[in-house]
Amino acid sequence: MKKTMNEFKEFIAKGNVFSMAVGVVMGGAFTAIVNAIVEQLITPLIGLIMGGVYVSNLAFKVGEASFGYGAFIQAVVNFLIVALTMFFFVKAFAKFQKKEEVKEEVEELPSEEVVLLQQIRDLLSEKK
């Protein structure tokens, strides 16, 4: 039990947990923005195109039960927008990381002066 508690303390102390928590909060805020865009802009636009029928109001009845499939369609649209946006964010982040890696590799290469000095050193050591 004590070993598990120590492992848990190490896990919590790592920066990954904090980063994950920030990501969850940012994701929630971003989802609220996407929901507002879909509900206030995209859904009414689709409703206008469909002749005044709003997607979120679409439903069918079986007896007394009403099945609101329009809300499901709207949730799918929300998901697709969030997924597409996250895809572009991840893609841009990966591109940024690649540039940083290339920059680090370029910095590690010796300059021309260093190469020339090394060649001179090697030639002088051969003469001795």
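The following questions and answers examine pockets, surface features and selected residues in a predicted model.

User: Which element gives the most to the lining of the largest pocket?

Analyst: The largest pocket has a volume of about 180 Å³. Two elements, α2 (15–49) and α3 (69–108), give two or more residues to the lining of this pocket. With seven residues, the element that gives the most is α2.

User: How do the residues of the lining of the largest pocket divide into nonpolar, polar and charged?

Analyst: The lining of the largest pocket consists of Gly23, Met26, Gly27, Ala29, Phe30, Thr31, Ile33, Val82, Met86 and Phe89. Glycine is counted here among the polar residues. The lining of the largest pocket therefore divides, by the classes used here, into seven nonpolar, three polar and no charged residues.

User: What is the volume of the largest cavity?

Analyst: A cavity differs from a pocket in that a 1.4 Å probe fits inside but cannot get out. The count comes to one cavity of 30 Å³ or more. The volume of the largest cavity is about 40 Å³.

User: Which element supplies the largest share of the lining of the largest cavity?

Analyst: The lining of the largest cavity is formed by Val38, Ile42, Thr43, Ile46, Val55, Ile73, Gln74 and Val77. By class, these lining residues are six nonpolar, two polar and no charged. Both α2 and α3 supply at least two residues of this lining. The largest share, four residues, comes from α2.

User: Which element supplies the largest share of the nonpolar patch?

Analyst: On the surface, Phe60, Val62, Phe67, Tyr69, Phe72, Ile73, Val76, Phe79 and Leu80 make a nonpolar patch of about 890 Å². At least two residues of the nonpolar patch come from β1 (60–62), and at least two from α3. The largest share of the nonpolar patch is six residues, and the element that supplies them is α3.

User: Is Tyr69 buried, partly exposed or exposed, and why?

Analyst: Tyr69 is found in helix α3 and is one of the residues of the nonpolar patch. Buried means under 20% relative accessible area, and exposed means over 50%. Because its relative accessibility is 37%, Tyr69 counts as partly exposed.

User: How far apart are the closest N and O atoms of Arg121 and Asp122?

Analyst: The structure holds one salt bridge. A salt bridge requires a side-chain nitrogen of Lys or Arg within 4 Å of a carboxyl oxygen of Asp or Glu. Asp122, which counts as partly exposed at 36% relative accessibility, takes part in the salt bridge with Arg121. Their closest N and O atoms are apart by 3.2 Å.

User: What is the distance in space between Phe88 and Val25, C-alpha to C-alpha?

Analyst: Phe88 belongs to helix α3 and, at 47% relative accessibility, counts as partly exposed. Along the sequence, Phe88 and Val25 are 63 residues apart. In space, the distance between their C-alpha atoms is 19 Å.

User: What distance separates the C-alpha atoms of Lys9 and Tyr54?

Analyst: Lys9 lies in helix α1 (residues 2–13). Lys9 is exposed because its relative accessible area is 54%. Lys9 and Tyr54 are 45 residues apart along the chain. The distance that separates their C-alpha atoms is 51 Å.

Terms used:
Residues are numbered from 1 along each chain as its sequence is written. This is a predicted model: local features need pLDDT of at least 70, side-chain atom pairs count only at pLDDT 80 or more; totals for chains, interfaces and linings use all residues. Side-chain values use heavy atoms; hydrogens and water are left out. On a 1 Å grid over the protein atoms alone, a cavity is a set of points where a 1.4 Å probe fits but cannot get out, and a pocket is an open set with protein on both sides within 12 Å along at least five of seven lines; lining residues have an atom within 4 Å of a point. Grid points are joined across faces, edges and corners, and a volume is the space filled by probe spheres set on the points. Patches are made of residues with over 30% relative accessible area and no salt bridge: like charges are joined within 9 Å, nonpolar side chains (Val, Leu, Ile, Met, Phe, Trp, Tyr) within 5 Å. Accessible areas come from the Shrake-Rupley method with a 1.4 Å probe; for residues, only the protein chains shown count as cover. Buried means under 20% relative accessible area, exposed over 50%, partly exposed in between (1.4 Å probe, protein chains only).
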